[in-house]
Amino acid sequence: MEEIHVTRMELLEKKKQIVLAEQGADLLKKKRDALLIEFMSVMDLALQTSEELQRAAREATYAISIARAVDGTVALKAAGLAVEKRPFVEITGSYVMGIPIPEINKVSVRRSVLGREWSMLGVSSRIDETAEKMENEVDIIVEVAGVETKLKRLAAEIQKTRRRVNALDYIVVPRLKEQVKFISQSLEERAREDIFRLKKVKKSLEKRKKERTTKK
Amino acid sequence: MARLEYENARLRSLKRDLLSKEYYDRLLESDTPEEMVNIFSETVYGSDISAAVINDPGYRGIENGLKENLARSFSKIVSFFSSENKYLAETMLGRYDIWNIKAIIRGKHIGASYEEIIEAVMPAGELTEPLLRALVEALDIKNVIDLLTIWGFAYSRPLRDAYPEYHSSGKLLPLELSLDFAFYERSLKLLDEHKNDFDAMLLSEFIRQEIDFVNIMTAIRLSSEKTSPEDGEKFFVPGGRKFPLKKFKDAVRLSDPEMIISVLSDTPYSKAAQEGLKRYLQTGYVSAFQRALEEFIVRQATKLFLADPLSSAMLIAYFYAKHNEVTNLRIIVRGKSVGMNEEEIREAMIIV
């Protein structure tokens, strides 16, 4: 338990702290609301890209199944050996309400039919279409990764802010108010005791004075 | 004129092993890979599939078994053709050598492992499995070309010619294109050397038709990429029958694939193109067009079973029939493994 000095200075200090804590809580609530607005807009984008990813994955799976069935796994593996390019992502940072957010700047892996390493004379259009669908899926995966990272950062910050607001609203401010109440009560109690003591001293002095007068 | 009595007798015996439609129906009705293996055990695929599923159970093992069987069947053809007639089989199966060399140089280009490359080759041509293994073990593309040169392999020269461009650009395309062109050029040259031979001429006609199909598909793919006819010209394979360079350029220039019909209207491929276009419009995929052309060529080829029984017609018909059969079986196996329904599987198959 925190040691409390029952003094007028302490009372003033605690009252100042309450004002500061309430102002802090207000600011944090505003920050939380702003983050929530940002979170909701990113959430819409995340849902949209996630749906896009599901659709791209479905199309890619279908294309690869057909190519595997008609051209065979061997043909797909042989074509796959010509693919050297790996997804390249550049990660930079930006700030949203003072929170550092990684920004993934993707470089698309999609290539034209002529941009692929293999000769189209010996590779069927089914394999080309499969490559196209897969490249599209990889592009969307990178996009989803960027959006989801942003979403996670924002969610974590909202959670942190909410915890701080709750701590101020439900723990810090009530505790300070308790302390102010305690100090005020103690000071009042002390004042009453002082008055009582003074009255008692006065009464005693008066009694002594009266006795002295009677003796004379 | 070299007659192919012995070779065709062997091919007729192989033809007897081709599956009837009844097997397709039974396989389509099966629910598990085990049931499929049982059905296959009654066929020529039985031993290859049984051996493959030991190492790799399930649908994948069946597919590996089908690959083994195809490679074995085609290698057998090369082995029983007399030296005098071998060029016919080699012309037909040389495409697998091209395929294998491409897979190996691709693997070397990206630094793939031995296992990765060996899974992508199919020893069905002149290059037997030990030779392919030696090529896969080579250090780099230069070593592969050197080995092919030492063995006196026909396609080493185009590779040697294209290597400097690969070396300076770091791009595989020059090597791959040189192989594709060399295959058709060599095939036609070998067949033209036997100009008075009906067998050679029949096969030559088929190769020329195949070149037309390759060019038609290339033109459609280039047109969908909005490539200029001048840029696309380097992909044109000379030697076709009814689809010359002018038509190729016209087709590449097309802004709308629907217009391909107009370019092909005065060729024997008009009907196949119409069917291809119908499928393309239904699905939006260029590959649907390709499948229609493949169906046309398979039907044309398998009709040759009814032609002169002593000519190379039997070789052409068997090659396409066997290739198509393995493709159909793979479609069933793959289709079942990914949960396609019977109708979808049947649509993807070419049943002749």
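These legends walk through several close-up views of a predicted two-chain model.

Residues are numbered from 1 along each chain as its sequence is written, and chains are lettered from A, with ligands numbered from 1, in the order in which they are written. Because this is a predicted model, local features need pLDDT of at least 70 and side-chain atom pairs count only at pLDDT 80 or more, while totals for chains, interfaces and linings use all residues; side-chain values use heavy atoms, with hydrogens and water left out.

**View 1. Chain A as a whole, with three helices and two strands.** From the N terminus on, its elements run α-α-β-β-α; helices (H or I, at least four residues) and strands (E, at least two) are DSSP runs numbered from the N terminus. Chain A has a radius of gyration of 37 Å, well over the 17 Å that the globule rule gives for 216 residues, so it is more spread out than a compact globule. That radius is taken over C-alpha atoms, and the rule is 2.2 Å times the number of residues to the power 0.38. The C-alpha trace spans about 140 × 30 × 25 Å along its principal axes. Of the 216 residues, 38% count as buried, where buried means under 20% relative accessible area, exposed over 50%, and partly exposed in between (1.4 Å probe, protein chains only). As for confidence, the mean pLDDT of chain A is 90, and 98% of its residues reach 70 or more; pLDDT is the predictor's confidence in each residue, from 0 to 100. Among the elements of chain A, helix H1 (residues 8-70) has the highest mean pLDDT (94) and strand E2 (residues 99-107) the lowest (82).

**View 2. Chain B as a whole, with 19 helices and zero strands.** Here the globule rule fits nicely: a compact globule of 352 residues would have a radius of gyration near 20 Å, and chain B has 21 Å, which agrees. Its C-alpha trace spans about 55 × 50 × 45 Å along the principal axes, and 57% of the 352 residues count as buried.

**View 3. Two sites in helix H3 (residues 125-215) of chain A, starting with Val172(A).** Val172(A) is partly exposed, at 32% relative accessibility. Together with Tyr170(A) and Ile171(A), Val172(A) makes a nonpolar surface patch of about 310 Å². Patches are made of residues with over 30% relative accessible area and no salt bridge, with like charges joined within 9 Å and nonpolar side chains (Val, Leu, Ile, Met, Phe, Trp, Tyr) within 5 Å; accessible areas come from the Shrake-Rupley method with a 1.4 Å probe, and for residues only the protein chains shown count as cover. Ser186(A) is also in helix H3, and is buried at 19% relative accessible area. Its side chain reaches the backbone oxygen of Phe182(A) at 2.7 Å. Look out for Thr7(A) too: Ser186(A) and Thr7(A) are 179 residues apart in sequence but 8.9 Å apart in space, C-alpha to C-alpha.

**View 4. A salt bridge in helix H1 of chain A, between Glu10(A) and Lys14(A).** The closest N and O atoms are 4.0 Å apart, and a salt bridge is a side-chain nitrogen of Lys or Arg within 4 Å of a carboxyl oxygen of Asp or Glu. Glu10(A) and Lys14(A) are four residues apart, so about one helical turn separates them. Both residues are buried.

**View 5. Salt bridges at helix H2 (residues 21-29) of chain B.** Arg26(B) and Glu22(B) meet in one of them (3.9 Å, N to O). Arg26(B) is partly exposed at 27% relative accessible area, as is Glu22(B) at 46%. The side chains of Asp25(B) and Arg346(B) form another salt bridge (2.8 Å, N to O). This pair links distant parts of the chain, with Asp25(B) in helix H2 and Arg346(B) in helix H19 (residues 342-348), 321 residues apart.

**View 6. A salt-bridge network with residues of both chains.** Arg111(A), Arg116(A), Asp128(A), Glu135(A) and Arg221(B) are linked here. Over all chains, a search of the whole structure finds 41 salt bridges.

**View 7. Lys226(B), in the loop between helix H12 (198-224) and helix H13 (229-232) of chain B.** Most residues other than glycine have a negative phi. Phi of Lys226(B), however, is near 55°, a positive value. Lys226(B) counts as exposed, at 64% relative accessibility.

Definitions and conventions: A polar contact is a pair of N or O atoms within 3.5 Å; within protein, one must be able to donate a hydrogen and the other to accept it, and residues adjacent in sequence count only if both atoms are side-chain atoms.
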